[in-house]
Amino acid sequence: MAKADRLERLDTRRIELEAEYRAALIAALERTAAGKWGLFDHQRDRHARAAIRPTLEHLAELGEEIDDARARLGLPLFALQQEFLAARGPVGPSAVGEPKQAQAWLARLAAEAPGAD
């Protein structure tokens, strides 16, 4: 019974961490949608990187803790973090800017939110 209780507590903690990650990502996306570049690292600007570094470090820490909990529970990696990491980095000249990309992410996350119909 003790193992089942530990796993239940771990799963509850994982759910809390995932909600915290989602909230932190949404806050960062809202800043980016408002015109603050750097979250997606499209321009590789040193000043933008420095400004967004604390946010990215926080997301990375949460993501690592979530993935650790998921591994212990036998679950796959946290998909939202994997998608966000894949969206970062250089893009071609015809790609949309970071604010528009952030708006698209916000729309998708809002549509995926529980009770969003």
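How much area does the protein expose, and what share of it do carbon and sulfur atoms supply? In this predicted model, the protein exposes about 7,300 Å², and carbon and sulfur atoms supply 55% of that area.

**Figure 1. Overall view of the predicted model, with its 4 helices and 0 strands.** Read along the sequence, the helices give the pattern α-α-α-α, and the C-alpha atoms fill a box of roughly 55 × 35 × 20 Å when taken along the principal axes. Of the 117 residues in the protein, 34% are buried. Among contacts between residues at least 6 apart in sequence, 75% join residues that are at least 24 apart. The charged side chains comprise 17 positive and 19 negative ones, and the centres of these two sets lie 4 Å apart.

**Figure 2. Close-up of the largest nonpolar core, which holds 22 residues.** The members that touch the most other members of this core are Tyr-21, Leu-25, Leu-29, Leu-39, Phe-40, Phe-84 and Trp-105. Two or more residues of the core are given by each of α1 (2-33), α2 (46-73), α3 (79-87) and α4 (98-112), and the largest share, 7 residues, comes from α1.

**Figure 3. Close-up of Phe-40 and the residues that it touches.** Phe-40 is one of the core residues that touch the most other members. When residues up to four places away in sequence are not counted, Phe-40 touches Leu-29, Thr-32, Phe-84, Ala-87, Arg-88, Gly-89, Glu-98, Gln-101, Ala-102 and Trp-105. Leu-29, Phe-84 and Trp-105 are among these contacts, and these three residues are also named with Phe-40 among the core members that touch the most others.

**Figure 4. Close-up of His-42 in the loop between α1 and α2.** His-42 has a relative accessible area of 11% and is therefore buried, the cut-off for that class being under 20%. The side chain of His-42 makes a polar contact with the side chain of Gln-101, at 2.9 Å. With residues up to four places away in sequence not counted, the residues touched by His-42 are Trp-37, Ala-87, Gly-89, Pro-90, Val-91, Val-96, Glu-98 and Gln-101. Gln-101 is thus found both in the polar contact and in the list of residues that His-42 touches. Ala-87, Gly-89, Glu-98 and Gln-101, which are among the residues that His-42 touches, are also among those touched by Phe-40.

**Figure 5. Close-up of Asp-41 and Arg-44, two residues with positive phi values.** Most residues other than glycine have a negative phi. Asp-41, however, has a phi near 60°, and Arg-44 has a phi near 50°. Asp-41 is placed in the loop between α1 and α2, and Arg-44 is also placed in the loop between α1 and α2. Asp-41 is buried, with a relative accessible area of 9%, whereas Arg-44, with a relative accessible area of 45%, is partly exposed.

**Figure 6. Close-up of Arg-14 in helix α1.** Arg-14 counts as buried because its relative accessibility is 11%, and the cut-off is under 20%. The side chain of Arg-14 makes a polar contact with the side chain of Asp-11, at 2.7 Å. Beyond the residues up to four places away in sequence, which are not counted, Arg-14 touches Ala-69, Arg-70, Leu-73 and Leu-75.

**Figure 7. Close-up of Arg-22 in helix α1.** With a relative accessible area of 23%, Arg-22 is partly exposed. Leaving aside neighbours within four places in sequence, Arg-22 is in contact with Leu-80, Leu-109, Ala-110, Glu-112 and Ala-113. The C-alpha atoms of Arg-22 and Leu-10, which are 12 residues apart along the chain, are separated by 18 Å.

**Figure 8. Close-up of Ala-27 in helix α1, shown with Leu-106.** Ala-27 counts as partly exposed, at 29% relative accessibility. Although Ala-27 and Leu-106 are 79 residues apart along the chain, their C-alpha atoms are separated by 9.6 Å.

Terms used. Residues are numbered from 1 along each chain as its sequence is written. This is a predicted model: local features need pLDDT of at least 70, side-chain atom pairs count only at pLDDT 80 or more; totals for chains, interfaces and linings use all residues. Side-chain values use heavy atoms; hydrogens and water are left out. Buried means under 20% relative accessible area, exposed over 50%, partly exposed in between (1.4 Å probe, protein chains only). Contact means heavy atoms within 4.5 Å. Accessible areas come from the Shrake-Rupley method with a 1.4 Å probe; for residues, only the protein chains shown count as cover. Lys and Arg count as positive and Asp and Glu as negative; His and the chain ends are not counted. The place of a charge is taken as NZ of Lys, CZ of Arg, CG of Asp or CD of Glu. A nonpolar core is a set of buried Ala, Val, Leu, Ile, Met, Phe, Trp, Tyr and Cys residues joined through side-chain atoms within 4.5 Å. A polar contact is a pair of N or O atoms within 3.5 Å; within protein, one must be able to donate a hydrogen and the other to accept it, and residues adjacent in sequence count only if both atoms are side-chain atoms.
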